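Hello,

Here is the structure for your files. My notes follow below it.

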Amino acid sequence: IPQARAALEALLERLCTEGMPEEALERTRATMLTQRLLNTQSGSKICAAVAVDSVLGLPADYADKLSERLAAITLPQMQQFIRRALSHPTRTWVTVR
């Protein structure tokens with residue numbers, strides 16, 4: 001476990017320092033948008049998504065505008081998010097044995 005944690009910590013540090021490559025952002029964006037399209041093919045999945053959005057207090061049109069928001073994320077915005085979410089002071093490690 002210590003070696004796995006050290007490897008993960010090194011990876012997170014590198015990601016915070018170097019950021020996400022633009023190709024990775026584009027690949028991730030394409031995957032998310034494709035998954036989103038697939039999920040909107042089923043009425044039950046749409047209803048489930050709307051229900052979750054409602055429970056989370058999101059606006060009624062949240063699902064309709066999600067694809068636009070995902071497409072609009074810039075590389076600098078992603079880098080800022082990565083640093084804020086994964087930087088050392090915000091990490092909490094939990095080990096379950």
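The accessible surface of the protein chain comes to about 7,400 Å² (Shrake-Rupley method, 1.4 Å probe). Carbon and sulfur atoms hold 62% of that surface. This is a predicted model: local features need pLDDT of at least 70, side-chain atom pairs count only at pLDDT 80 or more, and totals for chains, interfaces and linings use all residues. Residues are numbered from 1 along each chain as its sequence is written, and side-chain values use heavy atoms, with hydrogens and water left out.

Fold first. The protein chain has 5 helices and 0 strands (DSSP runs, H or I of at least four residues for helices, E of at least two for strands, numbered from the N terminus). The radius of gyration, taken over C-alpha atoms, is 17 Å, well over the 13 Å that the globule rule (2.2 Å times the number of residues to the power 0.38) gives for 97 residues, so the protein chain is more spread out than a compact globule. The C-alpha trace spans about 45 × 35 × 20 Å along its principal axes.

Next, burial and contacts. Of the 97 residues, 16% count as buried (under 20% relative accessible area, 1.4 Å probe, protein chains only). Take contacts (heavy atoms within 4.5 Å) between residues at least 6 apart in sequence: 84% join residues at least 24 apart.

One residue to look at is Gln 79. Gln 79 sits in helix H5, residues 75-86. Gln 79 counts as buried because its relative accessibility is 12%. Leaving out residues up to four places away in sequence, Gln 79 touches Glu 18, Gly 19 and Met 20.

Best regards

Note on methods
Buried means under 20% relative accessible area, exposed over 50%, partly exposed in between (1.4 Å probe, protein chains only).
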